[in-house]
Amino acid sequence: MTVEATGTAYRTCPLCEAACGLTLTTREGRIVAARGDREHVFSHGFICPKGATFGDLTADPDRLRRPLVRRGDRHEEVGWDEAFRAVERGLRPVVERYGPHAVALYLGNPNVHTMAGGLYLTPLLKALGTRGIFSASTVDQMPKHVACGYLYGSPVAIPVPDLDRTDLLLILGANPWESNGSLATAADFPGRLKAIQARGGRFVVVDPRRTRTAEHADEHLFIRPGTDAYLLFGIVHTLFAEDLVDLGGLAGHVTGVDRVRELARPFTPERASEACGVPGERIRGLARELAAAPTAAVYGRIGTCTVEFGTLTSWLIDVVNVLTGNLDRPGGVMFPLAAHLSPRTRPGGNGFSTGRWRSRVRGLPEVKGELPVATLADEIETPGDGRVRAFITVAGNPVLSTPNGERLDRALGGLDFMVSVDPYLNETTRHADVVLPPSDPARKGHYDFAFLTLAVRNFAAYSPPVLPPDPAGMDECDILARLTLVAAGRDAGTDPAVLHEQLLDRALQRVAAAAGTPVDALRALVSGDHPAERLLDVALRTGAYGDGFGARPGGLSLDRLLANPHGVDLGPLQPRIPEVLQTPSGTVELCAEPIVADVERLRGALGRQPQDLVLIGRRHLRSNNSWMHNVPALVKGRDRCTLQVHPADAARLALTDGDEAEVTSRAGAVHARVEVTEAVMPGVVSLPHGWGHDLPGTRLAVAAEHPGVNSNVLTDEFAIDVLSGNSVLNGIPVEIKPA
Ligand code: SF4
């Protein structure tokens with residue numbers, strides 16, 4: 001497709017999970033305006049401040065456009081061939097001398113926002129052959145994957161709240177008014193919440209902080225950080241005690257109900273209340289309201305995952321949805337069906353397990369093919385066989401986003417070799433020997449492989465590149481392909497087309513085997529100017545709504561999406577049970593043994609005394625982790641990186657608004673400016689994450705003027721949810737005094 005340097009273009013925003021449509025104005029090779037696309041089938045014109053800066057973000061002068069190679073303590077620009085030769089020289093000796101597990105890889109969150117991330121990371125991981133795979137998932141949503149893995153047999157079968165049809169929404173530990181939703185793709189999440197109220201429904205927020213979402217809710221309940229599992233068990237207990245359990249249409253598709261009744265017995269609302277702080281009678285009331293509502297959905301996010309009992313909490317959320325008959329029904333929580341995927345033909349499968357291998361130093365189990373990032377520094381620092389000597393990051397900044405960032409920062413300094421695929425020289429990539437910057441988002445096509453599987457309404461959209469390629473830059477698919485080829489032992493100069501063709505061949509062979517059509521005949525039918533487009537075309541045409549390469553005329557294909565730049569609406573979510581279930585029994589298995597065993601751990605903690613002061617994070621509309629702090633429009637205004645303290649705590653700690661406080665945890669200490677506010681409950685302080693842009697050797701001029709402090713200096717790499725390996729980032733015990 002021809003790319004115009006001047007004109008109007010439509011583009012799915014890749015900056016968060018909401019997948020809004022943007023209308024971009026381009027002039028002479030630059031994006032000069034970004035507005036919401038009013039005709040977009042999913043977002044209907046909604047845009048947030050981050051999306052409005054799409055042009056600024058892509059044209060950021062600090063964005064790297066050429067590779068960098070470290071020479072002494074400086075990074076210098078080099079050509080692409082030289083950069084890949086340097087990668088070959090750095091990686092290969094490590095593999096030859098110490099084996100594949102001596103190379104570790106970290107995948108950051110932005111990977112789920114690119115087509116290259118969706119298509120080219122699996123080949124890279126296979127080529128590396130390492131068990132040292134780490135990602136942002138274990139500082140974010142891994143508990144949800146594990147809970148869904150045990151319940152439904154697949155860690156990616158994640159039901160989302162049917163926001164547009166529900167009558168009652170209970171939100172735990174999520175702030176979609178600021179985040180615009182997570183593990184629930186819902187452009188204009190705030191508008192969808194207002195619509196619940198407008199049609200006579202309600203939404204209730206449970207959170208240790210009065211977030212913007214809580215301010216707009218029909219009710220906000222403060223809860224002690226990390227104790228949502230008790231609240232939810234109190235609800236489950238009540239559902240059984242008051243004979244309110246009604247599986248509705250799920251009857252016959254669920255096993256383990258009686259065992260859940262037994263597990264919930266000790267968690268009376270009064271005992272749950274002692275642990276979580278929500279009054280027992282209110283816990284009973286929530287149970288009754290969820291059971292009585294025509295439809296209801298319980299939705300939990302980061303505050304329910306990044307805690308000590310993250311997997312149990314995620315599991316309990318779905319248990320409540322099951323017991324109230326709200327799983328897989330309109331208005332409850334439902335499984336999306338993305339256009340690039342096919343429905344399964346029958347229920348049942350191998351189920352889910354963890355621990356196929358364990359981390360070398362702490363013996364932590366593998367989960368979903370990766371190890372907890374909380375133990376990455378251990379693996380780099382600890383001598384012995386299998387020690388990590390070389391490190392690859394792809395679009396990640398773990399020094400700022402993972403626990404005990406100061407320790408990881410030191411550990412990275414001791415590596416033999418490090419290469420980063422990243423557009424910025426940031427707090428992590430400053431350690432890299434080679435930095436390979438992908439071209440900016442405006443120069444690549446976009447399809448949301450990850451988020452269309454989580455959308456609250458089925459739809460599909462593809463955005464071709466908005467701007468022409470930078471002649472001196474490199475496409476991200478080419479970068480990952482060349483890295484993969486080097487990892488596979490090929491010469492660093494090998495044409496990336498070799499891998500592009502292999503991937504297309506493999507995709508076509510799968511289709512050919514199923515359809516009985518020769519591969520070459522199919523290949524002639526594939527559309528697309530770019531390798532990622534061709535792979536997408538195959539996936540769409542063989543997916544749930546595809547044209548089957550002509551077998552289903554009018555079905556989806558790349559060409560059809562190109563002809564519909566505002567997206568194609570595929571209708572409201574449809575029930576998918578039992579087809580979606582991949583458990584061995586082909587049912588929703590409520591009581592997998594690892595879950596049952598962990599309930600005992602939760603019960604053992606029931607009488608625990610609450611900590612005096614605990615730290616939680618917080619989200620802001622104009623921020624997304626660490627990587628948007630170099631855009632002036634997103635960081636201007638008053639300092640947002642403040643330590644929120646309740647007035648009662650401020651008084652006893654002799655702190656006033658604007659003071660500098662010293663915050664200390666087991667892991668480290670920071671100084672932060674105090675903001676006294678009743679938005680946090682007593683005993684809770686809040687500091688946002690993703691800040692701390694004051695380290696030397698970075699190239700983030702704007703961020704350096706607004707450095708903030710790194711909250712992950714305080715988070716503890718030894719505090720994890722045992723089932724998922726997810727870090728505990730909320731509910732960190734801290735001490736505070738005037739600085
Ligand atoms: S809500 Fe997310 S997807 Fe929508 S404009 Fe903002 S950053 Fe982009």
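The legends below describe close-up views of a predicted model.

**View 1. Helix α23 and its extent.** Helix α23 comprises 12 residues, numbered 593–604. From its first C-alpha to its last, α23 reaches 17 Å, close to the 16 Å expected at 1.5 Å a residue.

**View 2. The buried and exposed faces of helix α23.** Five positions of α23 are shown as buried, namely I595, V596, D598, V599 and L602. Viewed down the axis of α23, these buried residues fall within an arc of 165°, so they line one face of the helix. An α-helix has 3.6 residues a turn, so residues three or four places apart point the same way. On the face of α23 turned away from the buried side lie the exposed residues A597 and G604.

**View 3. Packing partners of helix α23.** The buried residues of α23 pack against four helices: α5 (142–152), α9 (228–241), α10 (257–264) and α14 (310–323).

**View 4. The surroundings of I196 in helix α7.** Residue I196 belongs to helix α7, which spans residues 189–198. I196 counts as buried because its relative accessibility is 0%. Beyond its neighbours within four places in sequence, I196 is in contact with L163, T166, D167, L169, G201 and R202. Of these contacts, D167 is 29 residues from I196 in sequence, with a C-alpha to C-alpha separation of 6.6 Å in space.

**View 5. The residue shell around the ligand.** The ligand is surrounded by C13, L15, C16, A18, A19, C20, F46, I47, C48, K50, G51 and N180. By character, this shell divides into nine nonpolar residues, two polar and one charged.

Key
Residues numbered from 1 in each chain as written. Predicted model: local features only at pLDDT ≥ 70, side-chain atom pairs only at ≥ 80, totals over all residues. Heavy atoms only, no water. Helix = DSSP H or I, 4+ residues; strand = E, 2+ residues; numbered from the N terminus. Expected span 1.5 Å × (residues − 1). Buried < 20%, exposed > 50% of the residue type's maximum accessible area, 1.4 Å probe, protein only. Arc of directions from axis to C-beta. Contact = heavy atoms within 4.5 Å. Near = heavy atom within 4 Å. Nonpolar A, V, L, I, M, F, W, Y, C, P; charged D, E, K, R; others polar.
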